[in-house]
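Grab a pencil and work through these exercises one at a time. Try each task yourself before you read its solution.

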Amino acid sequence: MQELEQLAQEIRACQRCRLAKGRRCAVPGEGPADAAIMFIGEGPGFHEDRQGRPFVGPSGALLEELLAGIGLQRQQVYITNVVKCRPPGNRDPLPDELEACRPYLDRQIELIRPKVIVTLGRFSMARYFPGQSISRIHGQPQQQGDVTVVPMFHPAAALRQAQWMDAMREDFRRLGALVAALRPPSDAPPGPPSDDDYQQLSLFDC
Ligand code: URA
């Protein structure tokens, strides 16, 4: 079994923190094991908890629209969260929950080795830009070791505030340019992913 899928199974069985008690499904993340771009959100919401898949509610619809605007389908990127189980009532994840879940995200990043990481919202931003304010640094790529990290607003915040929606659309335009620069000039535009690239989770209840 692929290491990434093995890790996903470990996450689905996880009991490391109190969030395990209230979840219906843990949400490990999804996308190609060799994705060049990884999106890291906050934690599963209602729809994600039901389906065991990240960003499948309104925030996910916006993320997909923004991806389409830069010529990408969600199946071409890896999407995950800092916590893999839904906090009750969608409250913020607590420090000990973030700490308990951190090794899973560390491992996902080690296995996938993305070239670009886009943080969505302040919890994933804090991993790379501790103490910074999202309204000051959003959209500004920063090289950290061999990965370029781009902090962005969370789609849910953009859905709430028109001003942040504009900022997010602009940040995605810049992301599009960054991603285009990653592709060698001879590269054909990416086609639809094959079944091998993309592991659907329909084999599992969650
Ligand atoms: N919000 C997140 O941060 N992650 C999801 O998977 C869905 C909504």
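**Exercise 1.** Which residues line the second largest cavity?

*Solution.* Before starting, note that this is a predicted model, where local features need pLDDT of at least 70, side-chain atom pairs count only at pLDDT 80 or more, and totals for chains, interfaces and linings use all residues. Residues are numbered from 1 along each chain as its sequence is written, and side-chain values use heavy atoms, with hydrogens and water left out.

Step 1: know the term. On a 1 Å grid over the protein atoms alone, a cavity is a set of points where a 1.4 Å probe fits but cannot get out, and lining residues have an atom within 4 Å of a point.

Step 2: list the lining. You should find Ile11, Cys14, Arg16, Cys17, Leu19, Ala20, Lys84, Cys85, Glu97, Ala100, Cys101 and Tyr104.

Step 3: add the volume, which is about 80 Å³.

**Exercise 2.** Find which helix gives the largest share of that lining.

*Solution.* Step 1: α2 (19-22) and α5 (95-112) each supply at least two residues.

Step 2: α5 takes the largest share, with four residues.

**Exercise 3.** Is Asp171 buried or exposed, and what does its side chain pair with?

*Solution.* Step 1: locate Asp171 in helix α9 (residues 162-182).

Step 2: Asp171 is buried (under 20% relative accessible area with a 1.4 Å probe, protein chains only).

Step 3: look for a salt bridge (a side-chain nitrogen of Lys or Arg within 4 Å of a carboxyl oxygen of Asp or Glu). Asp171 has none, and the nearest side chain of opposite charge, Arg174, is 5.2 Å away.

Step 4: turn to His138, whose side chain joins that of Asp171 in a polar contact of 2.7 Å (a pair of N or O atoms within 3.5 Å, where one must be able to donate a hydrogen and the other to accept it).

Terms used: Buried < 20%, exposed > 50% of the residue type's maximum accessible area, 1.4 Å probe, protein only. Lys, Arg positive; Asp, Glu negative; His and termini not counted. 1 Å grid on protein atoms, 1.4 Å probe; cavity = no way out; pocket = protein on both sides within 12 Å on 5 of 7 lines; lining within 4 Å. Points joined across faces, edges and corners; volume = space filled by probe spheres on them.
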